[in-house]
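Got the model open in your viewer? Switch to a cartoon view, keep the selection box handy, and follow along stop by stop.

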Amino acid sequence: MIDVLVIGAGVIGISAARFIAASGRSVAVVDKGGVAAGCSRGNAGLVVPSHAIPLAAPGALWQGVKWMFNPESPFYIKPRLSPALLGWLWRFGLACSAKRVERAIPLLRDLHRASAALFEESLARRGLLLLFRTSKGFEGGIHEAQVLSDAGLETKVLDVPSIRALLPGLKTDVVGGVHCLEDGHLDPLRFVQGWAKGVDVRTEDVVGFDVDGRRVRARTSTGPIDAKEVVLAAGAWAPEVARDLRLKIPIQPGKGYSLTFSAPATAVDVPFILSEDRVAVTPMGDRLRLAGTMELAGLDLSINERRVGAIRRAGVA
């Protein structure tokens, strides 16, 4: 019997296993796809203390509803009657209050800063640029920058010449931007693979659990595993994996996208987000990663011709 079984070999599962092992306890990680088989492989690699404003903010649900039935919008969901999804949206709506946002910002700020400190050895600290191509979007960005500055986070509002000095190869028209100076970026796959070295990772599929008091036995595709404790880090698959444990986990899967290209001749050193198009662009050595940013979990984020066009107009692919 091992002390702790971790289900999921993404960045959360691998990080948990490393710290558990460092405490002197025996630990194993199981994942049917192996290390970084899911979101940890292809995400934007952004570590962002600036994302201290919670997703559930006033107006967020209504904007999501307007987008969710339009296949050409940044957030699209296939129309369906799902009690789990409707329940999630209801709870999300209840959380969209100014009072909750005010309480959450300092907590998220401190959590993100602590997280960034743990990434420090792998992190490139060049900040994150939020770029806006409309005056309305830029006004919103300036307001957000002020909220973050009031919370003690370093931000700088940029005019077009300042943006082009940081991104000389940018072709898309922008009216302004915000530089979030505390943010950083890394190659997520390389990071998780590096942290997984020395961790007992087993490529197995968890098919169920047997629970006897405080004893948990995980049934896997290759046989049972007895553990004193279980850490569930299965992401979008967590509700299904935990079904035998009689846990109702309010998670809705979101479909994202990720495209990786050879870096352009004009170097891109600072990651940026095309804010209106919800596209993040991250330099990763000789490659460039483009990924959809998620702001409403549970909505299907799909790539389409309009969004590819935005990427091409930016001159980064």
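**Stop one: a side chain meets a backbone**

Select T220 and G223: a polar atom of the T220 side chain sits 2.5 Å from the backbone oxygen of G223. Bear in mind as you go that this is a predicted model. Now colour residues 215-220, which form strand β10, the home of T220. Is T220 buried or exposed? Its relative accessible area is 9%, under the 20% cut-off, so T220 counts as buried. To see what surrounds T220, show E204, D205, V206, V207 and I225 as sticks; T220 touches each of these, leaving aside residues up to four places away in sequence.

**Zoom out for a moment**

Go back to the whole chain. The cartoon should show 10 helices and 15 strands. Of the 317 residues in the protein chain, 46% are buried. Looking at contacts with a separation of 6 or more, 71% are between residues 24 or more positions apart.

**Stop two: a pair of helices**

Next, select residues 11-22 for helix α1 and residues 188-196 for helix α8; their axes come within 9 Å and cross at roughly 30°. That angle is under 35 degrees, so α1 and α8 count as roughly parallel to each other. The crossing of α1 past α8 is left-handed.

Which residues make the contact? On the α1 side, show V11, I14, S15, R18 and F19. On the α8 side, add F191, V192, W195 and A196. Coloured by type, the residues of this contact come out as seven nonpolar, one polar and one charged.

**Stop three: two leucines to compare**

Jump to L89, in helix α4, residues 83-95. L89 is buried, since its relative accessible area is 16%. Then draw a distance between the C-alpha atoms of L89 and Q252: these two are 163 residues apart along the chain, and the separation is 9.6 Å.

For the second leucine, pick L181, in the loop between β6 (176-180) and β7 (184-185). How accessible is L181? Its relative accessibility is 35%, so L181 counts as partly exposed. A C-alpha to C-alpha line from L181 to L129 reads 8.6 Å, with their positions 52 residues apart in sequence. Show G127, E154 and K156 too: L181 touches these three, again not counting residues up to four places away in sequence.

**Stop four: positive phi**

The last stop is about backbone angles. Most residues other than glycine have a negative phi. With that in mind, select A36, which is not a glycine but has a positive phi of about 55°. You'll find A36 in the loop between β2 (27-30) and α2 (39-42). With 0% relative accessibility, A36 counts as buried, so turn off any surface before looking for this residue.

Finish at R246, another residue other than glycine with a positive phi, this one near 60°. R246 is in the loop between α9 (238-241) and β12 (258-262). Where A36 is buried, R246 is exposed, with a relative accessible area of 78%.

How values were computed. Residues are numbered from 1 along each chain as its sequence is written. This is a predicted model: local features need pLDDT of at least 70, side-chain atom pairs count only at pLDDT 80 or more; totals for chains, interfaces and linings use all residues. Side-chain values use heavy atoms; hydrogens and water are left out. Axes are lines fitted to C-alpha atoms, for helices over the stretch in contact, and angles run from 0 to 180 degrees between N-to-C directions. Helices (H or I, at least four residues) and strands (E, at least two) are DSSP runs, numbered from the N terminus. Angles under 35 degrees count as roughly parallel, over 145 as roughly antiparallel, 65 to 115 as roughly perpendicular and the rest as oblique. A crossing is left-handed if the near helix is turned anticlockwise from the far one by less than a right angle, and right-handed if clockwise. Contact means heavy atoms within 4.5 Å. Ala, Val, Leu, Ile, Met, Phe, Trp, Tyr, Cys and Pro count as nonpolar, Asp, Glu, Lys and Arg as charged, and the others, Gly among them, as polar. Buried means under 20% relative accessible area, exposed over 50%, partly exposed in between (1.4 Å probe, protein chains only). A polar contact is a pair of N or O atoms within 3.5 Å; within protein, one must be able to donate a hydrogen and the other to accept it, and residues adjacent in sequence count only if both atoms are side-chain atoms.
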